[in-house]
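I open this notebook to record what I looked up in one structure. The entries are grouped by topic.

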Amino acid sequence: MQQLADKLIQHCALLQGLPHELTYLLVEIVFGSLMLMLFVAPFAGIISWVERRVAARMMDRIGPNRVGPQGFLQWLADGVKSLLKEDIVPSSADSFLFRLAPYLVFAGMFMAFVSIPFTSRVIIADLNVGIFYIIAVTSLVVIGILMSGWASNNKFSLLGGMRSAAQIISYEIPAGLAILVVVLMSGSLSLQEIIKAQGAHPWNWFIFDNPFSFCSFFILFISSLAEGNRTPFDIPEAESELVSGYSTEYSGMRFVFFYFEEWANLYLIAAVGVTLFFGGWQIPPSVREWAVGVHFVLPHILEFATFFIKAMSLVFVIIWIRWTLPRLRVDQLMAMCWQYLIPLGFVMVLGTATWIVLFPQGVPLVRYVLFSGTLGLFGYFFYRVVFHLRYTKAELQFNPFV
Amino acid sequence: MLKDLVFLGTAVFTIASAATVAFSRNILYSGFALLGTFAGAAVFFILLSSDFVAVTQVLIYVGGVLILVLFAIMLTSKIGDMNITNRSINYKIAIPLLLLFLGMLTQLMSGGSWDFGEEKFQSMVVPIGNGLLTEYLLPFEVISIALLGALVGAVVIVRREIK
């Protein structure tokens with residue numbers, strides 16, 4: 001973004017009069033709000049529709065299909081409806097904290113988007129401490145959730161808030177260990193540098209680099225699910241026990257802020273996973289050269305498409321898991337984190353460090369074996385799916401728009 | 001210019017939240033106001049061009065310490081009925097201590113030069129990493145052993161005796 005700001009200063013006479021820092025600030029604010037309006041908000045909205053449709057297909061229902069083609073505009077209708085609702089603050093709630101909490105939750109999530117890359121050049125701020133910064137600012141979400149739980153003056157809310165905070169700070173440890181594995185391999189905390197340390201081809205991604213990083217991805221993925229309060233780790237809002245957890249007393253737009261955070265967080269989980277383990281926006285150099293020859297914007301479109309498709313595949317897996325697995329109990333959740341994931345995370349960090357010392361150049365054979373093994377598993381999975389669909393009507397199962 | 005404005009704004013914000021921490025009647029409000037103090041300190045670190053320390057500040061203090069403080073407050077039963085004791089201030093001890101502290105601060109402030117000039121922002125990640133693993137390796141290891149000891153100690157204290 002700094003190059004862009006420098007160019008703007010060169011070409012625009014009006015900006016030359018201003019101090020440079022102010023221009024940088026303005027450019028950052030403008031692009032930050034543009035990204036919020038043009039990417040994060042529509043994404044969170046559309047993914048809510050996608051999730052409801054996918055959930056419906058998995059339960060043999062149809063899902064929202066009335067507003068717009070196939071119900072695609074449902075998210076706009078929901079948003080407008082929530083905006084028009086009466087703004088209710090319970091009379092016995094702490095009204096200041098009650099109003100403040102949704103903004104903290106929202107700000108914590110949105111601040112993390114600042115250092116999420118989209119292409120090799122499009123990123124709001126390529127921070128030197130990128131991934132570290134993302135872990136740090138998302139802890140603001142926990143404060144917001146605790147605040148909402150306490151300010152609602154409701155037992156369900158308080159229990160939900162406490163459960164959520166306990167869960168998020170516990171699962172930050174395995175997530176941090178898994179991220180440390182990638183930092184060891186790339187030697188940088190900046191997200192762009194981490195992507196540049198990987199290659200475009202799957203066997204050059206960090207996930208297939210060695211057996212330890214392969215396991216680390218799953219540790220990170222499970223911990224991210226828990227940090228995002230997604231099923232099977234959604235005990236903070238377990239509706240069979242806690243009504244709706246920390247958001248029980250909220251209604252209207254404040255309620256939407258919590259769910260906005262949850263759905264935008266889906267992209268955050270997926271984008272961090274893709275950046276760290278799946279090569280980010282990397283496209284093969286030959287394709288890139290061809291694209292640069294056609295038009296200078298084309299490589300960026302290809303890079304964005306690569307990143308987005310990878311991220312959306314992960315988002316789909318997250319939704320899939322949500323509607324497949326039952327919820328864990330509190331003690332099982334904590335046992336999983338402290339007894340299994342954290343020791344495993346330490347083993348992965350030590351193992352990767354040893355691997356890097358023993359094979360500084362990496363072992364191509366291991367990469368190919370891990371990649372083809374994963375491919376084989378996927379192949380077997382699809383074979384089983386087709387096998388089970390022998391006697392069903394395939395067009396009914398595979399057409400998402402029945 | 002802009003940097004000075006940011007500094008002044010952050011300073012006012014940090015001191016205001018610190019005052020809320022100290023003087024609020026509601027202990028939970030004090031806890032939440034601590035968030036502003038920690039965030040303000042993080043901004044100061046950024047202004048001093050140490051990005052790594054700033055993010056560590058947010059991660060450790062906001063993400064760890066503050067949440068544990070809030071947890072402790074919320075898990076304490078009948079915390080609302082407690083008498084908040086900070087209304088009584090012991091002037092006889094407090095004022096000499098305050099004067100001593102102010103004297104030390106003025107001594108420190110009048111000492112060195114406060115003009116840092118127009119230095120460019122430099123990332124501190126690599127220097128800190130290199131320093132920890134070369135020059136300061138021994139203190140780093142000693143601190144990690146001390147922390148491990150604290151961790152094991154906490155587990156021993158909390159653990160229920162099985163007979």
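The entries below cover confidence, chain B, the contact between the chains, and selected parts of chain A.

**Conventions.** I am working with a predicted model, in which local features need pLDDT of at least 70, side-chain atom pairs count only at pLDDT 80 or more, and totals for chains, interfaces and linings use all residues. Residues are numbered from 1 along each chain as its sequence is written, while chains are lettered from A and ligands numbered from 1 in the order in which they are written.

**Confidence.** I looked up pLDDT, the predictor's confidence in each residue, from 0 to 100. Chain A has an average of 83, and 93% of the residues score at least 70. Among the elements of chain A, helix α15 (residues 330-358) has the highest mean pLDDT, 90, and helix α2 (residues 13-16) the lowest, 63. I keep in mind that predicted coordinates should not be read in detail where pLDDT is low.

**Chain B.** I counted secondary structure as DSSP runs numbered from the N terminus, helices being H or I of at least four residues and strands E of at least two. Chain B has six helices and zero strands. I scored burial by the other C-beta atoms within 10 Å of a residue's own, placed from the backbone: 20 or more is buried, 12 or fewer exposed, and in between partly exposed. Of the 163 residues in chain B, 14% are buried. For helix α4 (residues 91-111) of chain B, I noted that the count of buried residues among its 21 residues is zero. I also checked the length of α4(B), taking the expected span as 1.5 Å times one less than the number of residues. The expected 30 Å agrees with the 30 Å between the end C-alpha atoms of α4(B).

I then consulted the domain assignment, whose bounds come from an automatic or database source. In chain B it gives domain 1 (1-79) and domain 2 (125-163), with C-alpha centres 25 Å apart.

**Chain A against chain B.** I treated two residues as in contact if their C-beta atoms, placed from the backbone, lie within 7 Å. Chain A puts 23 residues into the contact and chain B 21 residues. On the side of chain B, α1 (2-23), α2 (27-47) and α3 (51-75) each supply at least two residues; α3(B) gives the most, with 13 residues.

**Helix α7 of chain A and the loop after it.** The 13 residues of α7(A) (139-151) should span 18 Å, and the end C-alpha atoms are 19 Å apart, which agrees. I found 13 of the 13 residues of α7(A) buried, so this helix is largely enclosed by the rest of the structure. Asn153(A) lies in the loop between α7 and α8 (155-186) of chain A. Although not a glycine, Asn153(A) has a positive phi of about 55°. Most residues other than glycine have a negative phi. With 15 other C-beta atoms within 10 Å, Asn153(A) is partly exposed.

**Gly176(A).** This residue is found in helix α8 of chain A. Gly176(A) counts as partly exposed, with 19 C-beta neighbours inside 10 Å. Gly176(A) and Ile219(A) are 43 residues apart in sequence, and their C-alpha atoms are 9.7 Å apart in space.

**Domains of chain A.** The assignment gives domain 1 (1-80), domain 2 (85-360) and domain 3 (363-402). I noted 26 Å between the C-alpha centres of domain 2 and domain 3 of chain A. Their contact takes seven residues from domain 2 and six residues from domain 3.
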